Structures are given as structure tokens and as C-alpha cells.
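The report below introduces a structure to someone who has not met it before. It begins with the overall make-up of the chain and then turns to a pair of helices and a part of the surface.

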Amino acid sequence: MDDLAVLAVRRLSAQSDLSLTAATTLSYLDRNGPERLSVLAARQAVTQPSMTQLVQRLEREGLVCRAVDDLDGRAVRVSVTDAGRALLAERRRRRRERLTEMLGTLSPGELRELTRVAGEFLPLLRRLLQGTADE
């Protein structure tokens, strides 16, 4: 199973692209809206200082911005910027393009078999991943 995850990430991500943690943090912010640093760190299973460094880098690159939390003036909430959303959209476009190229190398029979297996596998994987997303 590890091989499948590593292969998918390596083959579908560009070498000079964002780190996996940076990309998943941006995606989380895009889907869920502004969030506190401590929550982002917990969701990514990294230390708060590590998440602070990542957010500072993403902020320098114009991909996120930080603002004081309205409910707790001591806390900071991080949100994705328009540039961050544009980068995510471009990453998704490139990933779809690479996947299309890869699938184009399969024979019609192989593609049918892959489609059949994916139809059984993906719903199970989604259910398993949804369970971990709620933790």
C-alpha cells in the first residue's frame, strides 16, 4: 500500500512543486477557510514551530496571509490568498494532464480493467480517508 501512495504522489507531482505539507495545508485552507496555526499543525501532524515556519514561507510567497483572530486577539488565523488558489488550480490542471498522459499509454483492455478496479477501490478508499479526516 505504501508503494501505491508513494508512486502516485511522485508521478503526479512536479519535482519543483510545493512540499506535500505545503500543498495539503493550502488545499485545506482553500476548502475550509481561515484556520489557526495550532489547528493547521495538528491536522498536518507537525509541530507548531514547523507550521509557523511553513506559513511564514507561504506568506513570503504570497500564497497565504495571516490576521489576528477576531475571537482571540492572541491567536492568528491563516487564510489562502488568490495567488494560493491560482497555484492550487494550476497544480490540479498539471496533475490531470500528467494522469491523462499516463492513462493514454494503456491499451483499451487495460484501461477497461483499471476502470473496473478503480470503481471498486475508490469508494472504499474514500470511506477510509473520510474516517481519518474526522479525527
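Helices, of at least four residues, and strands, of at least two, are taken here as DSSP runs and numbered from the N terminus. On that basis the protein chain of this predicted model has six helices and three strands, and these elements follow one another along the sequence in the pattern α-α-β-α-α-β-β-α-α. The protein chain contains 135 residues, of which 24% are buried.

Two packed helices are described by the angle between their axes and the distance between the axes. For helix α2, which covers residues 20–32, and helix α5, the angle is about 115 degrees and the axes are 10 Å apart. Angles of 65 to 115 degrees count as roughly perpendicular, and α2 and α5 are therefore described as roughly perpendicular to each other. The crossing that α2 and α5 make is left-handed.

On the surface, a nonpolar patch is formed by L99, M102, L103, L111 and L114, which together have about 350 Å² of accessible area. Two elements each give two or more residues to this patch, as the table sets out.

| Element | Residue range |
|---|---|
| α5 | residues 82–103 |
| α6 | residues 108–133 |

Helix α5 provides the largest share of the nonpolar patch, namely three residues. Among the patch members, L111 lies in helix α6. With a relative accessible area of 34%, L111 is partly exposed, because this term covers values between the 20% cut-off for buried residues and the 50% cut-off for exposed ones.

Conventions: Residues numbered from 1 in each chain as written. Predicted model: local features only at pLDDT ≥ 70, side-chain atom pairs only at ≥ 80, totals over all residues. Heavy atoms only, no water. Patch = residues over 30% accessible without salt bridge, like charges linked within 9 Å, V, L, I, M, F, W, Y side chains within 5 Å. Areas by Shrake-Rupley, 256 points an atom, 1.4 Å probe, with all protein chains shown as cover. Salt bridge = Lys/Arg side-chain N within 4 Å of Asp/Glu carboxyl O. Buried < 20%, exposed > 50% of the residue type's maximum accessible area, 1.4 Å probe, protein only. Axes fitted to C-alpha atoms, helices over the stretch in contact; angles between N-to-C directions. Parallel < 35°, antiparallel > 145°, perpendicular 65-115°, else oblique. Left-handed = near helix turned anticlockwise from the far one by under 90°.
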